[in-house]
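Visitor: Could you take me through one part of this structure up close, slowly enough that I can follow along on screen? I'd like to know how the pieces there fit together.

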Amino acid sequence: RAHITLSTLNKLHAEGKKFASLTAYDACFTQILNQADVEVILVGDSLGMVLQGHDSTLPVTMQDMVYHVACVKRGNSRAFIMADMPFMSYSTDSETLDNAASLMRAGAEMVKLEGGAWLASSTRLLAERGIPVCVHLGLTPQSINQIGGYMVQGRADKQAETMYQDALALENAGASMVLLECVPTSLAKRITEALNIPVIGIGAGPHTTGQVLVLHDILGISPIRPKFVKNFLAGTEGDITRAIQNYAEDVREGRFPGPEHSFN
Ligand code: KIV
Ligand code: NA
């Protein structure tokens, strides 16, 4: 089967179809995600918590990210690979370019940055140089100390309007994708309908173009269990490939997420 590219994902968005994304950090799970038809693999800085045992994503370094992107790249035959720019790796223009380039050399096909409208200049800088950008809005874990906790973002009208305007501004600045984390379903729907680029959601309801979850969370082996997570290994008699296939199919068919995994 053909490699998934940004054009594939744009086409799905334009046709109102859905795609599935999961995190992976190594070659073995990447191969399983390929077998299970997961379109987008996110090498997330969640690896700081899931693999390294930190209590936030802040300690993750560029060296960590490059190592795991390279592992995923070696295992991948088909999925589109997105990689997180870790905490403080995009604070100046030259750091942003150097660090994004390192992730792309390691095998990423898109980089993800957390923030809001202030990322417009970094987004333009990267996009003009051929590096596709996903902007992560809503609950942005690298700002957890500023936000004060892992809670739903954009519930108040003013905050919702800011997020909506940020998404439009970032698309205008050249972003190729938006990721919404822990956002009310109605706001995620409004943003997805307004944008020409695909929107991926996590805890953002069923209306986004794609869905993403942390791999270890859907296998039920994480210590934490947020509301937006479903254990897909349950009921498969321990068949990990089947569990991931079920997740991907449920996303594409609109069966996941349900209201019990979403915020109103
Ligand atoms: O790091 C990560 O896994 C992420 C997803 C939770 C969206 O950014
Ligand atoms: Na992340």
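Guide: Let's start with a working rule: two strands count as a pair if DSSP finds at least two bridges between them. Keep in mind, too, that what you're looking at is a predicted model. With that in hand, go to E2 and E3, which pair in the parallel sense over four bridges. To find your place along the pair, look for Ile41, which stands opposite Ile81 in E3.

Now zoom out for a moment. These two strands belong to a closed barrel of eight, running E1-E2-E3-E4-E5-E6-E7-E8 with parallel pairing. From one strand to the next, the twist averages 25 degrees.

Back to our corner, and to the sodium ion (ligand 2). Its protein donors are Asp45 and Asp84, each through an OD atom, lying 2.3 Å from the ion. Asp45 lies in the loop between strand E2 (40-43) and helix H3 (47-50), while Asp84 is in strand E3 (residues 80-84), so the pair ties together parts that are 39 residues apart in sequence. Are these two donors buried or exposed? Asp45 has a relative accessible area of 4%, so it is buried. Asp84 comes in at 2%, and therefore counts as buried as well.

Next, pick up Ile41 again and look at what touches it. Asn34, in helix H2 (residues 27-35), is in contact with Ile41. Leaving aside residues up to four places away in sequence, Asn34 also touches Arg1 and the run Gly75, Asn76, Ser77, Arg78 and Ala79. Asn34 is buried too, with a relative accessible area of 6%.

One last stop, on another strand of the barrel. E6 (residues 177-181) holds Glu181, and the "active site" annotation in the unreviewed UniProt entry covers this residue. Glu181 is buried, at 11% relative accessible area. What does the side chain of Glu181 make a polar contact with? Its partner is the side chain of His136, at 2.9 Å. Beyond His136, the residues that Glu181 touches are Leu137, Gly138, Leu139, Pro141 and Ile202, again not counting residues up to four places away in sequence.

So, if you want a route to retrace: go from the E2 and E3 pairing to the sodium ion with Asp45 and Asp84, then over to Asn34 beside its contact Ile41, and finish at Glu181 with its polar contact to His136.

Conventions
Residues numbered from 1 in each chain as written. Chains lettered and ligands numbered in written order. Predicted model: local features only at pLDDT ≥ 70, side-chain atom pairs only at ≥ 80, totals over all residues. Heavy atoms only, no water. Donors = N, O, S within 2.8 Å, 3.2 Å for Na, K, Ca; no water. Buried < 20%, exposed > 50% of the residue type's maximum accessible area, 1.4 Å probe, protein only. Axes fitted to C-alpha atoms, helices over the stretch in contact; angles between N-to-C directions. UniProt positions renumbered as here; feature names shortened; annotations may be inferred. Contact = heavy atoms within 4.5 Å. Polar contact = N/O pair within 3.5 Å; in protein donor to acceptor, adjacent residues only side chain to side chain.
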